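Could you walk me through this structure while I have it open in my viewer? I would like to know what to select next and what I will find there.

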Amino acid sequence: MAGSQKGVLVIYTGGTIGSKPRDPDPDSPQVVVPWEELQAATPELLRLLQRGLRVDCKSIEPLDSCNIGPKEWQQIAGMIRDSYDEYEGFMVLHGTDTMVYTASALSFMLRELGKPVILTGAQRSAMVDVRNDATQNFITSVLLAAPSFSKIPVVPEVCIYFGGKLYRGNRTIKRDTAGYDAYESPNIPPLGEVGDKIVIHEDLIRPVPPPTRRFNVRTQLDMNVTTILGYPGLQNTDLARRQLEGIIATPSIRPDGLKAAIVLSYGSGNIPTLWPDFLKSFQEAREKGVVVANVSQCRRGGVELGIYETSALLLELGFCGGSDITLEAALCKLMSLLGDPDLTQEEVEEAYQRSIAGEQSFSTYVTKYPMKPGVLERDKSGVSLRVPGRPIEGGWTPNRVYRALLRFRGASVAHAKRGPVAFRVFMNLDKPEDASTDHPGFVGTFKKEPQETGIIVFDVTRVLVALTKPGDRASFTIFLDTDEASLSWREVEVAVVAREAAV
């Protein structure tokens, strides 16, 4: 529970909740009214004030939400920063069209957040009709932002409250243009539900930061992010290439060029891969400094690059996946990451694959091994390769590891006689002569079909979870057990995919 009743700061941005007909004719176009007029038209708010709850307001220029963007996000974040110590929580009145974008952006801008920030709006204004959703959304959001007054648990997150449900803002999508339950969160249950009581599902809430962590705000954003929709036939055109070419960032010439492209892919992260020129467009863009991210077109489930041959090729080309992140959150996350002047392209790609504010269910932590390109050939008994130990990256715990994969990038498997090639893999094997199925680091036996340059993956989950934790060194030894066969590679890495604690 919150310790003191400091009250709530309402940040008013406009939207349907603050609109009424421009003329006496009720069917005339609606316009956004000033806060004072909305407050006077909401007697239920006066009742909260009479019960001792402090509710103050700051406004940005009231707008239709389709006109709200990064400038307004920065204003809202700045208002919260400047008033953070004065209030117990914050509530943002917002139009419904872009509310998800604003909530997502704020979740990445407000770091080490320890107080509720609740966004809400309405499909129908109380100043238009007595049958509306505005009043309940408004009053309930104020109560959610004032946990000590409401006697409910603190929700230290950027949330959307709408239609009786409290959602994590960066996991939410708008699904209905007119319904009073206009939003949903496809990959995580609501954080709370409201009927005659306010019920908060505390097991889903991200923890309040410890006292040693200080609230801070990152307002710098880079809007040079675009989206490319994958669809049957795109690969037969040059539209993707034309979207990427000519707008790629060249720091010395055009620093404001394209910095990231989000590809909306099929299923778990697939796009057509049989057209080399189509794929080359993305590869060349990445080589010129553009982050190429992957988001599924499916609302449920997420991207898992490497599950199918098509998505394994995208991984090799440099695509990065963000699990089940929504398109809206992916756009805002990249704007925030690219706005950090100290992050390199590679660091942005790594951060995109990790949860920052609970925006995705899984994070991927990649440990790169300083191995030079090489070839392992079997022309004698017992040939093996040792990948020297490196500390394993990540903030995971063993019970949350979904997969741990030893990946050889730019890899080829060849076999003079064709047919599968057999490998044995060990972790933390000191000497080849110690290799035995009884060794605690024995990962398993694998058979790989010959393939040209791509990614070769060995699943090392069981052993890595049993023998290591983040920061521990892990080495790998690979035995090539098939005669007249070879394995070549460009680089070696371990990817640990871990479920987030509060998803």
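## Start at strand β5

β5 and strand β7 (residues 117-120) pair in the parallel sense, with 4 bridges between them. Keep in mind as you look around that this is a predicted model. To find one rung of that pairing, select M91 and then I118 in β7, its bridge partner.

Now look for another partner of β5. Strand β1 (residues 8-14) is joined to β5 by 5 bridges, and these two strands run parallel as well. Select V10 here: its bridge partner in β5 is M91. In general, the strands of a sheet pair through backbone hydrogen bonds, in either a parallel or an antiparallel way.

Next, show the side chains of β5. Which way do they point? G89, M91 and L93 point one way, F90 and V92 point the other way, and all of them are buried. With 5 of the 5 residues of β5 (residues 89-93) buried, the strand is largely enclosed by the rest of the structure.

## Zoom out for a moment

Show the whole chain. Its C-alpha trace spans about 90 × 50 × 40 Å along the principal axes. Colour by secondary structure to see 12 helices and 28 strands. Of the 503 residues in the chain, 55% are buried. If you switch on a surface, the accessible area is about 22,500 Å², and carbon and sulfur atoms account for 48% of that. Among contacts with a separation of 6 or more, 75% are between residues 24 or more positions apart.

## Into the cores

Select I80, L110, V117, L119, I262, L334 and Y352. These are the residues with the most contacts inside the largest nonpolar core, which has 56 residues. Helix α10 (residues 327-338) gives the largest share of this core, 9 residues.

Stay with L110 and show what surrounds it. What does L110 touch, leaving aside its neighbours within four places in sequence? The contacts are A77, I80, V117, V158, F215, N216 and V217.

A second, separate core has 37 residues; to find it, select V401, F423, I478 and L487, which are among its members.

## An open sheet

Move on to strands β15, β16, β17 and β18. In that order, the 4 strands form an open sheet with parallel pairing. β15 and β18 (320-321) are the edge strands, each pairing on one side only. Inside the sheet, strand β16 (residues 260-265) and strand β17 (residues 291-296) run parallel and are joined by 6 bridges. To see one of these partnerships, select A260 together with V291 in β17.

While you are at β15 (residues 225-229), select L229, which lies in this strand. Is L229 buried, partly exposed or exposed? Its relative accessibility is 46%, so L229 counts as partly exposed. Add Y231 and L239 to the selection: with L229 they make a nonpolar surface patch of about 260 Å².

## Salt bridges to visit

The structure holds 28 salt bridges, and a few make good stops.

- Select R54 and D56. Their closest N and O atoms are 2.7 Å apart in a salt bridge. R54 is partly exposed because its relative accessibility is 34%, and D56 is partly exposed too, at 24%.
- Select K174 and D97, a salt bridge with 3.2 Å between the closest N and O atoms. This pair links distant parts of the chain, 77 residues apart: K174 is in strand β10 (residues 173-174), and D97 is in the loop between β5 and α4 (99-109). K174 is partly exposed at 25% relative accessible area, and D97 is partly exposed at 47%.
- Select E316 and R490, whose side chains meet in a salt bridge at 2.9 Å, N to O. They lie 174 residues apart, with E316 in helix α9 (residues 309-317) and R490 in the loop between β27 (485-489) and β28 (491-499). Which side of the pair is buried, and which is partly exposed? E316 is buried, with a relative accessible area of 15%, whereas R490 is partly exposed at 35%.

For a last stop, select K368, R407, R409 and E493 at once. Salt bridges that share partners join these residues into one network.

Definitions and conventions
Residues numbered from 1 in each chain as written. Predicted model: local features only at pLDDT ≥ 70, side-chain atom pairs only at ≥ 80, totals over all residues. Heavy atoms only, no water. Patch = residues over 30% accessible without salt bridge, like charges linked within 9 Å, V, L, I, M, F, W, Y side chains within 5 Å. Areas by Shrake-Rupley, 256 points an atom, 1.4 Å probe, with all protein chains shown as cover. Salt bridge = Lys/Arg side-chain N within 4 Å of Asp/Glu carboxyl O. Buried < 20%, exposed > 50% of the residue type's maximum accessible area, 1.4 Å probe, protein only. Pairing = 2+ DSSP bridges. Core = buried A, V, L, I, M, F, W, Y, C linked by side-chain atoms within 4.5 Å. Contact = heavy atoms within 4.5 Å.
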